[in-house]
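Reader: I would like a close look at one part of this model. Please keep it brisk and walk me through what surrounds that part as well.

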Amino acid sequence: MAMLEVKDLEVYYGMIQAIKGVSFEVNEGEVIALIGANGAGKTTILHTITGLLSPKKGSVKFEGKEITKIPAHKIVSLGMAHVPEGRRVFAELSVYQNLKMGAYTRKDKAEVEETLATVYKRFPRLEERKNQLAGTLSGGEQQMLAMGRALMSHPRIILMDEPSMGLSPILVNEIFDIIQSVSASGTTVLLVEQNAKKALSIADRAYVLETGNIVMSGEAHVLLEDDSIRKAYLGE
């Protein structure tokens, strides 16, 4: 059984259909990339999975449980975390306070402190800047904070929306190394990313989205070598 199963998903913004019957699945332990041009519907799919948008048709199942009608805050407590596009850190709160916000669904204080120590180990810069206001961090540091905050909920699956957006090439490499280490530690990853080359280089499988439809899917290393993918998304 797939950990995450999206079936025949249709999502509308008013009269405009953004997602047109999309189906895909994510198995436990995988890194799955969802790639496509701007406006293809990638972010809309993540928002629907995490309960921020309601689909007109279709279903989303997480670990066999139907979550299509469950509100976003309850989905977090089931073991799903979302790193939104544009980072969305709480600018007026400190790095430490932002991280603690990520653990709001957890009750065991000792376990939360344990997770915090793990996050600081993975992101040493966040520990160095723990008392700094999140709004004063660089773009790369804010991305690390958004990822660290999501990991504080101790998720079984983490959904990441454009983690490399607006970052320098060196920081992009660093962020992707972190995504790989998150995966290696046992967290399943669904990655939405415009940097198709980078996404395909670390993913197990990928789905290609065009104007609300999945037009291609397969093993990431095979798609990386596909001529049509290279022309459309890799600029080759």
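How many bridges join strand β4 to β5, and which way do the two strands run?

Author: Strand β4 covers residues 57–62, and 2 bridges join it to β5. The two run antiparallel. Keep in mind that this is a predicted model. At this pairing, Phe62 stands opposite Lys65 of β5.

Now the wider sheet. The strands β2-β1-β4-β5 lie in that order. There are 4 of them, the sheet is open, and the pairing is antiparallel. β5 (65–66) is an edge strand, and so is β2 (16–26). Each of these two pairs on one side only.

Next, helix α1. It spans residues 42–49. The helix is mostly covered, with 6 of its 8 residues buried. The buried ones are Lys42, Thr44, Ile45, Leu46, Thr48 and Ile49. In general, an α-helix has 3.6 residues a turn, so residues three or four places apart point the same way. Gly51 follows α1. Its phi is positive, near 85°.

Last, a loop residue. Ser94 sits in the loop between β6 (80–83) and α3 (95–102). Ser94 has a relative accessible area of 10%. The cut-off for buried is under 20%, so Ser94 counts as buried. What does it touch? Set aside its neighbours within four places in sequence, and Ser94 is in contact with Lys130, Asn131, Gln132, Leu133 and Ala134.

Note on methods: Residues are numbered from 1 along each chain as its sequence is written. This is a predicted model: local features need pLDDT of at least 70, side-chain atom pairs count only at pLDDT 80 or more; totals for chains, interfaces and linings use all residues. Side-chain values use heavy atoms; hydrogens and water are left out. Two strands pair if DSSP finds at least two bridges between them. Buried means under 20% relative accessible area, exposed over 50%, partly exposed in between (1.4 Å probe, protein chains only). Contact means heavy atoms within 4.5 Å.
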